[in-house]
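Please look through the sequence and the three-dimensional structure below before reading on. The report that follows moves from the whole chain to some of its details.

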Amino acid sequence: MKKLVLLMMVCLLVFAESNVYVVETAVGAENPATTTKCEEQPESERKEQPESDSKEQPESDSEEESAGCEEQPESESGEEPATESEGQTEPDSKEEPTVEVEEQPGSENKEEPTTEGKEQPGSNGEEEPATEGEEPSEPDEENPIAGCEQPVESDSEENLAAEGEEQLEGNSEENPAMECEEEEPESKENLEKACEEEFYLEEGLVMEGDEQLEPDSEEELAAKDEEKLESDSKEEELAIGIEEQLDKCKRALPTSTKEGIPIDEVGKISDIDFSSLNDSKNELDGFREMTKNRGSKLPIKDESGREYYMFFGDIYNGRTLKSLEDDSSYQTENDDWLRPLPDKDTTLKQLVNMRYIHADNFAMVTALNEKKLKDGKDEPNGVVTYYFEQGRATYEGRQGNGLAIAHGKSRSDWQQYVALDMPLLKLYINEETSEIIGYAATINKTRNGDYYLDGYVRIKMRPVAKGRINVSMKYLKLRSDDADYQFTNFAYQVHMDIAGRHKASKMWSLGNNKGIYFNEVWNSSYERPIKDGQNYVLFFHRDGYANHPAALKANSVDYDPHTHPFTNVFFDRLNSDGSFDPGKGKKYPNETHPGWALRWDPIKLGYNETREVNLEISISNTIDQLPAIQKDNDGEYTDKGYHITGTWSAPDSNKTKLHYTIDTINGNEQKVEGDENLGPGTWELTIPSDKLKGLDRVITVYVQDDYGRKSDPVTIKISPTLTIKEQVFDKDGNEPKEVEPGETLSYQILVDSGYISDDTGTYGGVTITQEHDKNLGPPTDLKVIDESGKEIGTATYNASTNKIEAKPKTDLPRFTKVKITFNAKVRDDATVGEVVKGQATASGKYSTGDGVNQTSNEVKVPIVGVLKFESVPEVIDFGDNLKISPKNKTYRPISLDTDLAVKDSRSRSKQLSWTVTAKLEKPLTRDGDKDELKGSFFRYRYGDNDTALTKDASVEIYTKETTNSEVIKISDTWSNPDGDGLSLEVRAGAARVGAYEGAIQWELRDVPLNIAE
């Protein structure tokens, strides 16, 4: 209990236990520094009064206001990239961001080039003429692919898919598209499917043709989408078959039938939403959208000197290497290399009647070794592919090549409808990873010549090992949920023609149904030998990876593979059996006309549902299949060390061992034994943390078979993980469980890079940021210090962005542990019941160029309301020149050093009230409690009651119902003789010359109003 000393004065102290708040006025010599004396003398005496001891005022409790942080998410790049349908504004900004939309480039001149003397599909055997100057009829209202509610009745005639190939025929009539209307569906059955209009035009996604896709362009699309959200909540609840929640633009799809969506009802390419085919919202990060069809080069450097590309469409084997650099060569070579992609304003109806790139004909293309060609880049036949005819799979219509998607009534049904044509609509390439992604429509053409949109497909090709690629085919089905055609399957077919050798191409088995290969051994006497004088070995792998094919079928000598895979030449039913595997190294008996097809397992697939299948292809110049190894990812730290996993294979070996090295530590290679090789398998490593020792490390992992042959290694760069931890403390240095308005919090952000002193890097451009909580005032005492307290950087607060930013010195060694400290006061008007939050992020790049992006733990402190004495007077002054009088005297305080005041900031979810009582703790005495001022009292008037304060009972001096959180100053009326308040009554003749001391105890109680009254 705190006590303050006075003579003929009262000092008040606060005690807060549970809901009782006690304040005392003390009399005594415990705090002489705060003692004030006054003497009372006889009226007849005219002696000079002794000087009062100076009154020492207590230190103010007020603190400098400090700021708080409202937490906001931060982008990895330091900017807020536009996401599909979501735009972010600055924290305090109320303006919508302005964005610019940059149109995607179309083809160079929007002409459809003519070809030389060859018929193209889709035009009844006649090539589609150039479109320059031709203006398609303008529909009254555009209808995007997300669709307009325009049900079109179609014939119910089943497409029994005759054997042989179907040529796409043009449809010369265009029906005006209906404008898309958003309506609340009347029932689940007539609910049009909703689509989400998302365009992944992230930072770094650059249009080939020198047009940069601005991040803001995506934000504007997102802003437009948001305007269409409000009316769609009911549609979203009823939507069926949607794998992902569509939280943005919802537009009704055109009515689908068992044949698909009528092509007339599908809008422009620019309006098509491919988002449901992507694996994530960041699928296209790092990709460039192409305006011309080019291949993605594989990152292979080997002794062959060849180059390899992943490519969509036709490419002529007769090409020279030099022609691959010629933008117009597709016209002279009559293929698709560097052919312009369709213009964004082109509709599917227009596209199917034009020459287009067939995404279903994806391939690995080999550019031969220039140095080994007779005429170098000018040597004809400098390119090798494997589709008939000489790489131009659609040269004269369908040549028995490519992907097909069929539908039937059951797993064992004949194909009832089959999508054979897949025009490439958009193309993206990631030059860093060499990945290539094509988006295509899958088109069904009925026997009566009508075109239907069957769905969309994303075909993604990526390298997985030296000379080996994975082809992912992800399909979105847009046929109606007709009970007769719910089963769907994929098949892929090749009519072999390696470098124009066609019937000379022989098909061999990898054994155990693992796949097939073609071994084109170089021989100058062979018809059409490989021009650079090296072997060419092409592998199609049937298993050893996810979602692989279920069966392989080679055509027999009696059947021409000039057809599609879902016929009696290959798979006459959705689940037909494959060919018998003749055994490893044995030849399949399709001597006269080599062709084959792969199929997957048919599954039940509903409207607007997706399915993904995979195929792996590899090319080499040797038949020997070397061990191969892949990593799943770059691994992670665990309690036992750094953990890495992956897959490996060694087809020609009975045993395989796994090896790894860590840099060149002591010049020794660290080895881990592998299991016996029983086929493709998995591997894992856990490297003890003490071997990594807080430095950048490069881990190299490879497998070695029992012939001593090593796989190409995989490498993983391991860097110590930066840790960032945030702490918050109250004024006593403890972690607060709650905080009141007006109290001050102290924050610490601890950053440890994880590096040891042997490291030579510095913090470079690393920055630590924290969004400031709205319930905190501006921060104070911002510092960036090391463990010894030395300042090692700068910290600032930006009031406009409400963000704290701390920067270690750029040349600060990164093994230094960094601490950011600041104080922040909870605003007096902070909302009770809310939580003060703090969370910091370290981002940027070290001097070595390595990136950092780590977020701390989040600290939370609830804001609670309190009932408390806001202030209590240290000194109550009744006057310092009082006279000893023969009459009874009553004195009122003439001044207080501060008010007796109460504040109730508790939540007013229920009725609140409180009362203050007073009690004499110690009577007035002088000379060290030897002489009590007899017959004198402290009294308190409250309303109609004027009561003497005694030691025996507490007296109620104030009662209040809480209606707001304002401060109630009880002592405001004390100086008014007629008002409520404290007074001192001195009986005549009782006082003696000297200093008197006493104590009053005040109590603040939380009581119901009816009790208080």
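The protein chain exposes about 45,600 Å², and carbon and sulfur atoms supply 42% of that area. The structure is a predicted model, and every value given here was computed from it. Of the 1013 residues in the protein chain, 53% are buried. The chain holds five helices and 58 strands. When contacts between residues at least 6 apart in sequence are considered, 75% of them join residues that are at least 24 apart.

**An open sheet**

How are the strands ordered in the open sheet of four? The order is E48-E57-E53-E54, and the pairing is antiparallel. Strand E48 (889–891) and strand E54 (945–948) stand at the edges with a single partner strand each, and therefore one side of each has no neighbour in the sheet. On average, and with direction ignored, neighbouring strands of this sheet are turned by 25° against each other. One pairing within the sheet can be followed in detail: strand E53, which covers residues 937–942, pairs with E54 in the antiparallel sense over four bridges. Here Arg 939 stands opposite Ala 948 in E54.

**Strand E50 and its partners**

In a regular strand the side chains alternate between the two faces of the sheet. Strand E50 (residues 901–904) can be read with this in mind: Ala 901 and Lys 903 point one way, Val 902 and Asp 904 point the other way, and all are buried. Strand E45 (residues 867–871) is joined to E50 by four bridges, and the two run antiparallel. Strand E56 (residues 967–969) is also antiparallel to E50, and three bridges join this pair. Ala 901 takes part in both pairings, since it is the bridge partner of Ser 871 in E45 and is partnered by Lys 969 in E56.

**Salt bridges across the chain**

Side chains of opposite charge can pair when their charged atoms come close. The structure holds 38 salt bridges, and the table lists examples with the separation of the closest N and O atoms.

| Acidic residue | Basic residue | Closest N and O atoms |
|---|---|---|
| Asp 345 | Lys 268 | 3.9 Å |
| Asp 279 | Lys 474 | 3.3 Å |
| Glu 834 | Lys 774 | 3.7 Å |

What does the salt bridge between Asp 345 and Lys 268 tie together? Asp 345 lies in the loop between helix H3 (329–333) and helix H4 (348–351), whereas Lys 268 lies in the loop between strand E6 (261–262) and strand E7 (288–289), so the pair ties together parts that are 77 residues apart in sequence. Asp 345 has a relative accessibility of 37% and counts as partly exposed, while Lys 268, at 17%, counts as buried.

For the salt bridge between Asp 279 and Lys 474, the two residues lie in the loop between E6 and E7 and in strand E17 (residues 468–477), respectively, and so the pair ties together parts that are 195 residues apart in sequence. Asp 279 counts as partly exposed at 45% relative accessibility, and Lys 474 counts as buried at 11%. These two residues also belong to a network of salt bridges that links Asp 279, Glu 283, Glu 435, Arg 458, Lys 460, Lys 474 and Glu 612.

The salt bridge between Glu 834 and Lys 774 links distant parts of the chain, 60 residues apart: Glu 834 is in the loop between strand E40 (818–825) and strand E41 (835–838), and Lys 774 is in the loop between strand E36 (767–771) and strand E37 (780–785). Glu 834 is partly exposed, with a relative accessible area of 26%, and Lys 774 also counts as partly exposed, at 48% relative accessibility.

**The surroundings of Ala 367**

Is Ala 367 buried or exposed? With a relative accessible area of 5%, which is under the 20% cut-off, Ala 367 is buried. Ala 367 is found in strand E10, which covers residues 362–367. If its neighbours within four places in sequence are left aside, Ala 367 is in contact with Arg 306, Glu 307, Tyr 309, Leu 321, Leu 324 and Gly 382. Thr 385 is 18 residues from Ala 367 along the chain, and the C-alpha atoms of the two are separated by 9.2 Å.

Conventions: Residues are numbered from 1 along each chain as its sequence is written. This is a predicted model: local features need pLDDT of at least 70, side-chain atom pairs count only at pLDDT 80 or more; totals for chains, interfaces and linings use all residues. Side-chain values use heavy atoms; hydrogens and water are left out. Two strands pair if DSSP finds at least two bridges between them. Axes are lines fitted to C-alpha atoms, for helices over the stretch in contact, and angles run from 0 to 180 degrees between N-to-C directions. Buried means under 20% relative accessible area, exposed over 50%, partly exposed in between (1.4 Å probe, protein chains only). Contact means heavy atoms within 4.5 Å. Accessible areas come from the Shrake-Rupley method with a 1.4 Å probe; for residues, only the protein chains shown count as cover. A salt bridge is a side-chain nitrogen of Lys or Arg within 4 Å of a carboxyl oxygen of Asp or Glu.
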